[in-house]
Amino acid sequence: MSRPLPRLGFSVGDLAGIGPEVIYKTLLDERILRLCTPVVYGTATALFDEFPVAEDAEPLAFRQLRDAADIAPGRLNAVTCWDEDFHLAPGQPSAATGQAARESLLAASRDLKAGLLDGLVTAPISKDNTQGPDFRYPGHTEFLTAYFGAPESLMLLADDESGLRVATATGHVALRDVPARLTPDLLRKKIQLLLKSLKTDFGIDKPRVAVLGLNPHAGENGLLGGEEIAVVEPVLKQFLHDGHLVFGPYPADGYFGNGQFRQFDATLSLYHDQGLIPFKLLAFERGVNFTAGLPVVRTSPDHGTAYGIAGQYRADASSFRAAVFMAADIWRQRQEAAEPRSAR
């Protein structure tokens, strides 16, 4: 018996950025309605009727809803998040576009928690412009971790085409604060989350994971820093002792430069840019940001608001489209993993 398609909510991000454009271009793909039931959180007329598109662009027909309980399978759905008139001003972020981004995200998150959605795909926000009384978080990952009561989460960048997966242990943290945050307990939790996600969300029975060093040349035996010896190596030895294929610490520059990452199912970087810079160099147009460790499925494109090209119909929708595909795939993988073996 075929299971129903997942209902995926799309939060629209900062409306002054390329969020509306990449959503629009993604929904033009005829494969979308075969993979999921999309639900855009924002007034469709405001988002797309005034949207600057190519002259021969196809129109999109939405069912505009007040309540996600009325989502219709096989259709493009839009849930109203604001009633006032809203005129797009591409490339011009404002308090109004930040508020719209918050309202879209909060409404979609409420419906996801209520079981009216099966997953969430978030368009890019400006972390600064989205701040408000009901949103005091560095980004989507931290908000969703708190909102869904997860004790920990993990930012995991993935590219299905190449198989490249890069996670980051400390996430949205100032670089000066990384060494203090990087405790054995934190590292242990992040590796556990990564191993569990690779098994449950990506269907890899015995994942191979590489962990990078914090310092240049992974500390050079303590000469260039002691975190590898004091923190990283003892944790990795324990994972190996427990039968997990977790290796490192590897010097980050050579690891990516010589293609060593191809020997592993995923790589854990120790701070944000250490992992995200090489990932985006290798998979920027296809990469997906997945939040591992949540009880719900959440993905996003691996790029930002791109205010500089907003409204010019130049944005590449490949990453957002890949985020939709991955959200649907992970939802199905979790459904299958949850079934008793006799029912498969």
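R31 is partly exposed, since its relative accessibility comes to 37%. Keep in mind from the start that this is a predicted model. The side chain of R31 reaches that of D29 in a salt bridge, with N and O 2.7 Å apart. D29 itself counts as buried, because its relative accessibility is 16%, and the cut-off for buried is under 20%. So here a partly exposed arginine meets a buried aspartate. There's a third partner to look for as well: R321 joins D29 and R31 in a network of salt bridges.

How many salt bridges does a search of the whole structure find? The count is twelve. Side chains of opposite charge can pair when their charged atoms come close. Another of these pairs is R102 with D134, where the N to O distance is 3.2 Å. R102 belongs to helix α4, while D134 sits in the loop between β5 (119–122) and α5 (140–147), so this salt bridge ties together parts that lie 32 residues apart in sequence. The arginine end is buried, as R102 has a relative accessibility of 11%. D134, on the other hand, is partly exposed at 42%.

Next, have a look at K190 and E152, which also form a salt bridge, their closest N and O atoms being 3.4 Å apart. What parts does this pair tie together? K190 comes from helix α7 (residues 184–200) and E152 from the loop between α5 and β6 (154–159), so the two ends are 38 residues apart in sequence. K190 is buried, with just 8% relative accessible area. E152 counts as partly exposed, given its 23% relative accessibility.

While you're around helix α7, step back to T183, in the loop between α6 (178–181) and α7. T183 is partly exposed, with a relative accessibility of 32%. Now jump along the chain to V235: T183 and V235 are 52 residues apart in sequence, yet their C-alpha atoms are 9.9 Å apart in space.

Another loop threonine worth a stop is T80, found between β4 (76–79) and α4 (95–113). Is T80 buried or exposed? It's buried, because its relative accessible area is 18% and anything under 20% falls in that class. The side chain of T80 makes a polar contact of 2.9 Å with the side chain of Q64.

On to the rings. The structure holds 14 aromatic pairs. Take F135 and Y137: their ring centres are 5.5 Å apart and their planes stand at 70 degrees, so the pair is edge-to-face. F135 is buried, with a relative accessible area of 0%, whereas Y137 is partly exposed at 27%. Y255 and F264 pair up in another way, with centres 6.2 Å apart and planes at 35 degrees, so this one is tilted. Both partners are tucked away: Y255 is buried at 0% relative accessibility, and F264 is buried at 7%. Follow the ring pairs onward from there and you get a cluster made of F247, Y250, Y255, F256, F261 and F264.

Some rings have a charge for company. The charged end of K113 sits over the ring of F148, at 5.8 Å from the ring centre. R165 does likewise with F202, placing its charged end over the ring, 4.9 Å from the centre.

Finally, compare two helices. Helix α1 (residues 19–27) is mostly covered, with nine of its nine residues buried. Among them are G19, P20 and V22, and the list also takes in the charged residues E21 and K25. Helix α10 (residues 272–283) is where you'll find L282. L282 counts as partly exposed, because its relative accessibility is 41%. Together with I277 and L281, L282 makes a nonpolar surface patch of about 320 Å².

Conventions:
Residues are numbered from 1 along each chain as its sequence is written. This is a predicted model: local features need pLDDT of at least 70, side-chain atom pairs count only at pLDDT 80 or more; totals for chains, interfaces and linings use all residues. Side-chain values use heavy atoms; hydrogens and water are left out. Patches are made of residues with over 30% relative accessible area and no salt bridge: like charges are joined within 9 Å, nonpolar side chains (Val, Leu, Ile, Met, Phe, Trp, Tyr) within 5 Å. Accessible areas come from the Shrake-Rupley method with a 1.4 Å probe; for residues, only the protein chains shown count as cover. A salt bridge is a side-chain nitrogen of Lys or Arg within 4 Å of a carboxyl oxygen of Asp or Glu. Helices (H or I, at least four residues) and strands (E, at least two) are DSSP runs, numbered from the N terminus. Buried means under 20% relative accessible area, exposed over 50%, partly exposed in between (1.4 Å probe, protein chains only). Rings of Phe, Tyr and Trp (its six-membered ring) pair if their centres lie within 6.5 Å; planes under 30 degrees apart count as stacked, over 60 as edge-to-face and the rest as tilted. A charge sits over a ring if NZ of Lys or CZ of Arg is within 6 Å of the ring centre and within 35 degrees of the ring normal. A polar contact is a pair of N or O atoms within 3.5 Å; within protein, one must be able to donate a hydrogen and the other to accept it, and residues adjacent in sequence count only if both atoms are side-chain atoms.
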